[in-house]
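Hello,

Here is the structure I said I would pass on to you. Have a look at it below, and then read on for my notes.

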Amino acid sequence: MDAMQTTRPRAAADVAALVRQAQAGAQPVTVIAGGHGPWSHAPAEGVRIDLTALDTVEVDGTRVRIGGGATWGAVADALTPHGLAISSGDTRSVGVGGLVLGGGIGWMVRAWGLAADQLVGAQVVTASGEIVEASHDENADLFWALRGGGGNFGVVTRFDFRAHELLGIAFGEFTLDADADPARVLRALRDVLHDAPRELTVTYMDVPAMDPSAPAGARLSAVWAGGDADALRRVLAPVTALPGVVGEVTTPAYRDILMEMPEPPDPDAAPPGFLGGNGLFRELSDELIDRLVAFRAAYPSAVVFLRSLGGAFGEVAQEDTPFPARDATWFVMAGGFDVPGMLDDELRAAILADADAISAGRVAEYGNFAPTERPDAVPGMFTETAYRRLQELKRVWDPQNLFRRNHNIVV
């Protein structure tokens with residue numbers, strides 16, 4: 001098979017020609033659309049299509065047409081002057097395509113649902129090299145598969161969203177100092193979210209030192225969809241009143257809370273590996289909280305990350321998209337960075353064993369945060385019914401499995 005080649009098409013027709021070339025040579029296709037997600041795994045062979053030139057953002061009322069290579073930072077910048085927003089990931093450089101095709105748990109997930117829930121149409125280059133439209137009214141089965149089924153069904157060269165009016169947000173940023181009890185904070189946070197308004201989405205993160213702008217320690221971030229800072233303060237009061245929880249509430253523009261990825265100290269060095277897993281959980285039980293706190297305390301390189309679900313996310317019928325566990329109320333990730341020279345085999349095994357114990361209670365795995373391509377794990381990213389339907393659609397839209405450099409749906 002030919003060595004890998006990377007091309008940067010400037011139009012859907014160029015993408016179609018590349019896909020036909022790959023099909024003729026029975027070569028796998030990888031699509032690069034920025035950031036993490038189902039399309040980010042680089043192959044050692046085949047055709048690699050870099051969509052970064054397809055980065056337009058066109059606004060027509062509340063309908064937004066976004067090129068398949070755009071990033072969420074560019075989208076937020078374009079929508080802010082219109083008083084609009086789409087729930088996206090946390091980071092400016094993350095690509096629209098990778099996030100949406102895997103579902104997309106973002107800052108506004110409780111207010112507006114997944115990024116994929118806001119999708120109303122798409123332009124897709126299929127495995128046959130044909131350019132088609134997909135929506136509720138046209139190629140509806142393909143449209144269903146795109147909203148959480150990953151990059152298995154074609155190259156999406158344009159995403160159409162229905163954006164939300166958003167003139168401002170309230171944003172709370174809090175740290176846990178030495179007086180804080182992480183388990184107590186998480187229990188209070190869980191209880192607040194049990195019946196909190198959908199305007200509230202929270203993230204809890206406890207990490208080792210990443211760079212000078214991201215020191216080690218636990219942090220809580222809260223977003224209120226709307227600029228009512230007092231409303232956010234009131235709903236968070238049971239948490240922020242606890243000892244050791246320190247911070248403030250501000251009212252920035254939505255685009256200003258999207259993070260910039262720090263530059264690595266050595267750009268030429270291989271990034272550290274990640275040991276662990278994630279899950280969508282129906283509840284944040286006391287036992288799970290205790291496991292998470294103990295895990296972070298046990299390993300210097302450990303990462304614990306939680307985001308609240310529910311609200312609009314949970315009001316989408318399970319069968320309406322391939323995304324699993326609409327009854328989940330929390331997303332949880334626990335793992336450790338595999339830093340060269342820091343971990344030996346015994347410590348790696350211990351981290352994996354403890355992370356597996358934490359993941360054991362999940363309903364499903366979230367594919368966008370799955371660290372590697374693991375074919376045997378893919379069925380666990382969907383309900384059994386959804387996975388069978390995705391297999392049927394894979395046979396229709398990609399019978400040769402041309403698009404297999406992803407969390408692959410195997411038929």
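Helices α6 and α8 cross in a right-handed way. In this predicted model, the two axes come within 9 Å, with a crossing angle of roughly 140°. An angle over 145 degrees would count as roughly antiparallel, so α6 is described as oblique to α8. To find the place on your screen, look for α8 at residues 286-298. On the α6 side, the residues that meet α8 are Pro-182, Ala-183, Leu-186, Arg-187 and Arg-190. Their partners in α8 are Asp-286, Ile-289, Asp-290 and Val-293.

Helix α6, which covers residues 182-194, also comes within 8 Å of helix α7, residues 229-240, measuring axis to axis. Here the axes cross at roughly 150°, and therefore α6 is roughly antiparallel to α7. This crossing is right-handed too. The residues making the contact are Val-185, Ala-188, Leu-189 and Val-192 from α6, together with Val-235, Pro-238 and Val-239 from α7.

Now follow α8 to its other partner. Helix α9 spans residues 345-359, and its axis comes within 10 Å of the axis of α8. How do these two helices run relative to each other, roughly parallel or roughly antiparallel? They cross at roughly 160°, so they are roughly antiparallel. The crossing of α8 and α9 is left-handed. From α8, Leu-288, Arg-291, Leu-292 and Phe-295 take part, and they meet Ile-351, Asp-354, Ala-355, Ala-357 and Ile-358 of α9.

Next, the cores. In soluble globular proteins, nonpolar side chains tend to be buried together. The largest nonpolar core in this model has 56 residues. Which of its residues have the most contacts inside it? They are Trp-72, Ile-86, Val-96, Val-100, Ile-105, Phe-161 and Leu-280. Phe-161 is a good place to start looking: leaving aside neighbours within four places in sequence, its contacts include Trp-72, Ile-86, Val-96 and Val-100. Phe-161 is also in contact with Thr-62, Arg-63, Val-64 and Ile-66, and with Ala-115, Gln-118, Leu-119 and Val-120. There is a second, separate core of 46 residues, and among its members are Phe-174, Val-192, Val-202 and Val-239. You have already met two of these names, as Val-192 of α6 and Val-239 of α7 belong to the contact between those helices.

A few single residues are worth a click as well. Pro-324 sits in the loop between β16 (302-308) and β17 (330-338). Is Pro-324 buried or exposed? With a relative accessible area of 3%, Pro-324 is buried. Apart from neighbours within four places in sequence, Pro-324 is in contact with Leu-280, Phe-313, Gln-318, Ala-364, Glu-365, Met-381, Phe-382 and Thr-383. The C-alpha atoms of Pro-324 and Tyr-366 are separated by 8.2 Å, and the two residues are 42 residues apart along the chain.

Asp-50 is in strand β3, residues 47-50. Its relative accessibility is 8%, so Asp-50 counts as buried. The side chain of Asp-50 makes two polar contacts that you can look up: one of 3.2 Å with the side chain of Arg-8, and one of 2.9 Å with the side chain of Thr-52. Not counting neighbours within four places in sequence, Asp-50 is in contact with Thr-6, Thr-7, Arg-8, Pro-9 and Ile-32.

Gly-168 lies in the loop between β10 (164-165) and β11 (170-176). At 18% relative accessibility, Gly-168 counts as buried, because the cut-off is under 20%. Beyond residues up to four places away in sequence, Gly-168 touches Ala-225, Gly-226 and Gly-227.

Finally, some backbone angles. Most residues other than glycine have a negative phi. Asn-139 has a positive phi, near 50°. You will find Asn-139 in the loop between β8 (131-135) and α5 (140-146), where it is partly exposed at a relative accessible area of 30%. Asn-401 also has a positive phi, of about 55°, and lies in the segment after α10 (384-397).

Enjoy exploring!

Best wishes

Methods. Residues are numbered from 1 along each chain as its sequence is written. This is a predicted model: local features need pLDDT of at least 70, side-chain atom pairs count only at pLDDT 80 or more; totals for chains, interfaces and linings use all residues. Side-chain values use heavy atoms; hydrogens and water are left out. A nonpolar core is a set of buried Ala, Val, Leu, Ile, Met, Phe, Trp, Tyr and Cys residues joined through side-chain atoms within 4.5 Å. Buried means under 20% relative accessible area, exposed over 50%, partly exposed in between (1.4 Å probe, protein chains only). Contact means heavy atoms within 4.5 Å. Helices (H or I, at least four residues) and strands (E, at least two) are DSSP runs, numbered from the N terminus. A polar contact is a pair of N or O atoms within 3.5 Å; within protein, one must be able to donate a hydrogen and the other to accept it, and residues adjacent in sequence count only if both atoms are side-chain atoms. Axes are lines fitted to C-alpha atoms, for helices over the stretch in contact, and angles run from 0 to 180 degrees between N-to-C directions. Angles under 35 degrees count as roughly parallel, over 145 as roughly antiparallel, 65 to 115 as roughly perpendicular and the rest as oblique. A crossing is left-handed if the near helix is turned anticlockwise from the far one by less than a right angle, and right-handed if clockwise.
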